[in-house]
Structure formats: structure tokens, C-alpha cells
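These notes are meant for a colleague who is opening this structure for the first time. They move from the whole chain to the central sheet, and then to a few individual residues.

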Amino acid sequence: MQIVILADATAVAAYGAKLFIRQLQQKADSVLGLATGSTPVALYQQLILAYQQAQVSFARAKSFNLDEYLGLAGSHVQSYRYFMQQQLFQHIDMLPEHTFVPDGSAADPFAACQQYEQQIAAAGGIDLQLLGLGRNGHIGFNEPSSGLRSRTRIKTLTAATINDNARFFAADEYQPHLAITMGIGTILDARSLLLLATGAAKADAVKAMIEGPLCSACPASAIQLHQQAVVVLDEAAASKLADIEFYRHIERENLALLQRLASK
Ligand code: F6R
């Protein structure tokens with residue numbers, strides 16, 4: 001796992017956006033894994049800017065989102081499909097039929113989960129998967145106790161997650177308690193992972209993910225198993241890491257090595 005610690009959330013978004021831009025520049029028909037929530041919004045803004053400045057095109061890319069509320073159609077303002085339209089899709093040149101989000105209004109949601117797995121496989125698998133981190137250590141909507149090899153399925157949200165996401169819903173609005181989410185096994189199948197976490201509220205989950213044992217109590221700890229995972233943190237999110245100086249040292253050594261190799 002590569003751990004990058006940056007000054008603030010703006011720097012985290014810029015770093016993450018660069019990795020997406022590089023991915024698309026190297027492989028125009030990349031399959032991108034996307035996330036919702038507050039954390040990726042600034043990264044999406046950077047991608048939109050890069051597209052407007054003709055640094056990048058999404059015309060040949062495909063995307064698969066991590067999750068969707070069960071019971072909400074894509075036209076619902078609280079759905080993750082709607083969120084993605086607003087925050088990214090309507091501003092870039094990705095073909096609408098190439099943007100995949102689990103179908104929260106499917107007549108048979110169990111079949112929809114299986115179909116999502118088939119669609120990811122048919123697209124050739126995910127090249128770069130973006131992840132946020134729940135305060136309880138969830139990735140996607142894989143809540144604590146999620147199977148570490150789980151596939152796309154219906155999950156019951158914890159009270160903590162419902163509470164954390166209540167800020168997006170009006171007081172009298174229906175807030176779903178179930179979601180369709182890629183499984184942890186699905187996420188680990190992506191060829192590379194990019195997890196962003198910012199703010200002091202994430203510091204405990206970050207510590208458990210990086211320094212805790214591999215266990216379903218912290219689903220994000222599963223990324224310890226991945227061969228190509230980059231975790232980008234701001235100072236506040238990194239503040240509880242016991243070995244923070246070592247992680248900074250590794251980054252400096254990595255950068256120095258790359259510079260030495262580049263100058264040869
Ligand atoms: C969203 C998702 C969630 C969020 C996590 C963090 O698609 O999969 O795991 O990434 O809840 O949310 P924010 O970024 O709002 O703190």
C-alpha cells in the first residue's frame with residue numbers, strides 16, 4: 001500500500017485527479033470505478049476542468065459506481081445516479097450508456113446485483129477504482145462484518161452510516177436503509193485502487209485500515225491485500241497513524257528513486 005500524506009483536502013483531490021488523468025492518457029478506454037459522497041467532489045471538479053482544457057477525454061472510457069440506495073430510481077435527487085449526473089457525467093464526454101450505477105429500482109434487485117458483476121466482467125474489469133472511507137471503516141456500502149470476498153449484493157446500512165448520510169436528506173424525506181454495493185471481493189478485483197480520506201473524523205478509520213488487523217470489523221483493511229493500492233490522506237485524517245514518520249520517509253525515498261531513474 002502506498003501512503004501519501006498531503007497538507008489538505010485540496011491537495012488530496014489534485015493528487016487523485018492526476019492519477020485519473022494519467023490513467024486516461026495511458027489508456028483512453030479505461031474502465032473507471034467511481035464513488036459518491038463528499039470526498040470525491042473536488043476530484044471530480046478537477047477532472048471536469050481537465051476535460052474543459054482538453055487534457056483528457058472520457059469518450060472511450062466506461063465507469064462503474066460502487067453503490068446505490070435500494071428503492072431509489074436514478075431520477076431521484078438523492079440517488080447516487082443523480083449525484084453522479086450532477087457532479088460529473090453531465091459535464092464530460094463519457095457516453096451515457098457507458099456510465100454504470102447499480103439499479104436501485106430494479107424489479108429484481110438480487111438479479112440486478114448479479115447483472116452488475118457481469119457488466120463489470122464484460123467491460124474487462126475495472127482499471128482504477130476510487131474509494132472514500134466511512135467513519136466506521138466501510139468502503140462502498142460494505143459495512144463492518146462484510147465478507148472480505150463478498151461480491152455485489154444488497155447490504156443493510158448501519159445506524160452510524162444512516163446518521164452520517166442524513167445530512168444529504170431533508171428532515172421529512174425518506175432515507176433508504178438498504179443499498180446495492182459492489183462487494184469487497186469486487187473492489188479487490190480492480191487493477192488499482194485509489195482511496196481518499198480527509199478530515200479528523202476519518203482518523204480512527206484510517207488508522208484501523210492501515211495499521212489495524214485485516215478484519216471485517218474494518219472492511220477497508222481488506223485493501224492491505226491489494227497489490228496496487230494508493231491511499232491519499234490529508235494531515236487531519238493521517239493524524240492518528242502511529243508510524244506516520246515512516247510513511248513520509250517511504251514517500252521521500254520513492255520520489256528520490258523515481259527521480260534518479262528518470263535522470264539516467
Ligand atoms: C460512496 C461510498 C461510501 C463513501 C463513504 C465516505 O459511494 O461508497 O463508502 O465513500 O461513506 O463518504 P464521504 O466522502 O461523504 O465522507
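1. To begin with the charges, the protein carries 20 positive and 23 negative ones, and the mean positions of the two groups are 7 Å apart. Please keep in mind throughout that this is a predicted model, so that every value given here is computed from predicted coordinates.

2. On overall dimensions, a compact globule of 264 residues would be expected to have a radius of gyration near 18 Å, and the protein, at 18 Å, agrees with that expectation. Along the principal axes, the C-alpha atoms fill a box of roughly 60 × 40 × 35 Å.

3. On burial and surface, 50% of the 264 residues count as buried. The accessible surface comes to about 12,100 Å², and carbon and sulfur atoms contribute 53% of that area. Among contacts with a separation of 6 or more, 78% are made by residues that lie 24 or more positions apart.

4. On secondary structure, the protein has nine helices and 10 strands. Seven strands form an open sheet with parallel pairing, and their order across the sheet is β1-β10-β9-β6-β2-β3-β5. The edges are formed by β1 (2-6) and β5 (99-100), each of which pairs on one side only. As a general point, strands of a sheet pair through backbone hydrogen bonds, and this pairing is either parallel or antiparallel.

5. Strand β6 deserves a closer look, since the computed pairings can be followed there residue by residue. Covering residues 128-131, β6 runs parallel to β9 (residues 192-197), and four bridges join the two strands. Within this pairing, Gln129 stands opposite Leu193 in β9, while Leu131 stands opposite Leu195 in β9. Strand β2 (residues 31-34) also runs parallel to β6, to which it is joined by two bridges, and here Gly33 stands opposite Gln129 in β6. Gln129 is therefore named in both pairings, facing Leu193 in β9 and Gly33 in β2.

6. Which way do the side chains of β6 point? Leu128 and Leu130 point one way, whereas Gln129 and Leu131 point the other way, and all of them are buried. In a regular strand, side chains alternate between the two faces of the sheet.

7. Two residues other than glycine deserve a check of their backbone angles. Ala54, in the loop between α2 (41-52) and β3 (62-65), has a positive phi of about 60° although it is not a glycine. Ser145, in the loop between β6 and β7 (153-156), likewise has a positive phi, in this case near 90°. Are these residues buried or exposed? Ala54 has a relative accessible area of 67% and is exposed, because the cut-off for that class is over 50%. Ser145, with a relative accessible area of 58%, is exposed as well.

8. Finally, Leu258 lies in helix α9 (residues 244-262). With a relative accessible area of 55%, Leu258 counts as exposed, since that value is over 50%. Leu258 and Gln119 are 139 residues apart in sequence, and their C-alpha atoms are 37 Å apart in space.

Key. Residues numbered from 1 in each chain as written. Predicted model: local features only at pLDDT ≥ 70, side-chain atom pairs only at ≥ 80, totals over all residues. Heavy atoms only, no water. Rg over C-alpha atoms; globule rule 2.2 N^0.38 Å. Buried < 20%, exposed > 50% of the residue type's maximum accessible area, 1.4 Å probe, protein only. Contact = heavy atoms within 4.5 Å. Areas by Shrake-Rupley, 256 points an atom, 1.4 Å probe, with all protein chains shown as cover. Lys, Arg positive; Asp, Glu negative; His and termini not counted. Charge placed at Lys NZ, Arg CZ, Asp CG, Glu CD. Pairing = 2+ DSSP bridges.
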